[in-house]
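Biologist: Got a minute to go through this one with me? I'd like to hear what you see in it.

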2 protein chains.
Amino acid sequence: MTPTSLAVTPSTVCCSPLVREPLDAATAVSVARVFKAIGDPARLRLVSIVAAHAGGEACVCELIEPLGLSQPTVSHHLKVLVDAGLLHREQRGVWAYYSIVPAALDALATVLDTQQHTAP
Amino acid sequence: MTPTSLAVTPSTVCCSPLVREPLDAATAVSVARVFKAIGDPARLRLVSIVAAHAGGEACVCELIEPLGLSQPTVSHHLKVLVDAGLLHREQRGVWAYYSIVPAALDALATVLDTQQHTAP
DNA sequence: ACGAGACATTGACAACTGTCGATGTCTTGG
DNA sequence: CCAAGACATCGACAGTTGTCAATGTCTCGT
């Protein structure tokens, strides 16, 4: 920030200028929180299994077995994913159904896409 | 496991069938490792700052200040990103230049994209 | 060859995370 | 109203992670 009017300082010699504004600290914190949520094998698989089910939703009973984790642990991971905005929870009778929130995945993909191309 | 020959068991009633194969455990581990790498505010900003520089590369000296972290900490985060395959390191004289690995970001985006649409 | 500077590595520590067993809550069938 | 089942919450514990100060390594100019 606040670029000085000095033309050349020794620490600047090695470096190239910015071609766009990087993520600010606050945005980075909120985006990283979501990446962190899927940055766990169990949770990534949960998202994948839910997405692989017809209708894009699944109940908890179908998630425990393929993961090989205890029910409380699966419940914990699901809560993390819901808190991150990646999954939506809906109680229907006795069962709780979890479904993908496409917008959340899309937002992450957009962030990744932004980092790929360097402006001219 | 071990489904009985009974036609209807209470625990099966609630669930919908799979429309595609979810991520297997091994794939989930390796993909989650990369997501985890950018699932940290400091590292996400590092990637962003590197990508925002002309040529898609930056030297360490230009990364420390905007992050507000110590030099060893920045060096540590850079190592994590390199190990995850997200950044490439190249030593040029006294300076070390880090650059984006577009293919790595692309692979993540593809995984995210796969989870978004539900097959018919 | 020597010293300076850029960056990496080490060691240490507090904070966080994943996991489980035990227990609580809520809905439904009888 | 009561018991059963689906799921969430709690408490606890081992393992991991982010951070820094101190130190090491490597490259270049003098």
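Modeller: Sure, let's take the fold, the core and then the DNA contacts. Keep in mind that this is a predicted model.

Biologist: How many helices and strands are there in chain A?

Modeller: Chain A has five helices and three strands. Starting at the N terminus, the order is α-α-β-α-α-β-β-α.

Biologist: And how much of chain A is buried?

Modeller: Of its 120 residues, 42% count as buried. The accessible surface of chain A is about 6,200 Å², and carbon and sulfur atoms make up 60% of that.

Biologist: What's in the largest nonpolar core?

Modeller: That core has 66 residues. The ones with the most contacts inside it are F35, I38 and L86 of chain A, plus F35, I38 and L86 of chain B.

Biologist: Let's pick L86(A). What is it in contact with, leaving aside neighbours within four places in sequence?

Modeller: Among the partners of L86(A) are V34(A), A37(A) and I38(A), then L81(A), and further along I100(A), V101(A), A104(A), L105(A) and L108(A). S99(A) is also on that list.

Biologist: OK, on to the DNA. Which residues come nearest to strand D?

Modeller: There are 24 residues around DNA strand D, and the nearest are S75(A), R89(A), Y98(A), R43(B) and H77(B). On the DNA side, sugar and phosphate supply 75% of the strand D atoms that come within 4 Å of the protein.

Biologist: What about polar side-chain atoms and the phosphate oxygens of strand D?

Modeller: Y98(A) has a polar side-chain atom 2.3 Å from a phosphate oxygen of DNA strand D, and H77(B) has one at 2.3 Å from a phosphate oxygen of that strand too. For R89(A), a side-chain N or O atom is 2.8 Å from a phosphate oxygen of strand D. The elements giving two or more residues to the surface near strand D are α4 (71-83) and β3 (95-100) of chain A, along with α4 (71-83) of chain B.

Biologist: How does that surface split by class?

Modeller: Near strand D there are 11 nonpolar, eight polar and five charged residues.

Biologist: Now strand C. Which residues come nearest there?

Modeller: Of 23 residues around DNA strand C, R43(A), H77(A), S75(B), R89(B) and Y98(B) come nearest.

Biologist: And which atoms of chain A lie by its phosphate oxygens?

Modeller: One is a backbone N or O atom of S70(A), 3.0 Å from a phosphate oxygen of strand C. The side chain of K36(A) puts an N or O atom 3.0 Å from a phosphate oxygen of strand C, and a polar side-chain atom of H77(A) lies 2.3 Å from one.

Definitions and conventions
Residues numbered from 1 in each chain as written. Chains lettered and ligands numbered in written order. Predicted model: local features only at pLDDT ≥ 70, side-chain atom pairs only at ≥ 80, totals over all residues. Heavy atoms only, no water. Near = heavy atom within 4 Å. Polar contact = N/O pair within 3.5 Å; in protein donor to acceptor, adjacent residues only side chain to side chain. Helix = DSSP H or I, 4+ residues; strand = E, 2+ residues; numbered from the N terminus. Nonpolar A, V, L, I, M, F, W, Y, C, P; charged D, E, K, R; others polar. Core = buried A, V, L, I, M, F, W, Y, C linked by side-chain atoms within 4.5 Å. Buried < 20%, exposed > 50% of the residue type's maximum accessible area, 1.4 Å probe, protein only. Contact = heavy atoms within 4.5 Å. Areas by Shrake-Rupley, 256 points an atom, 1.4 Å probe, with all protein chains shown as cover.
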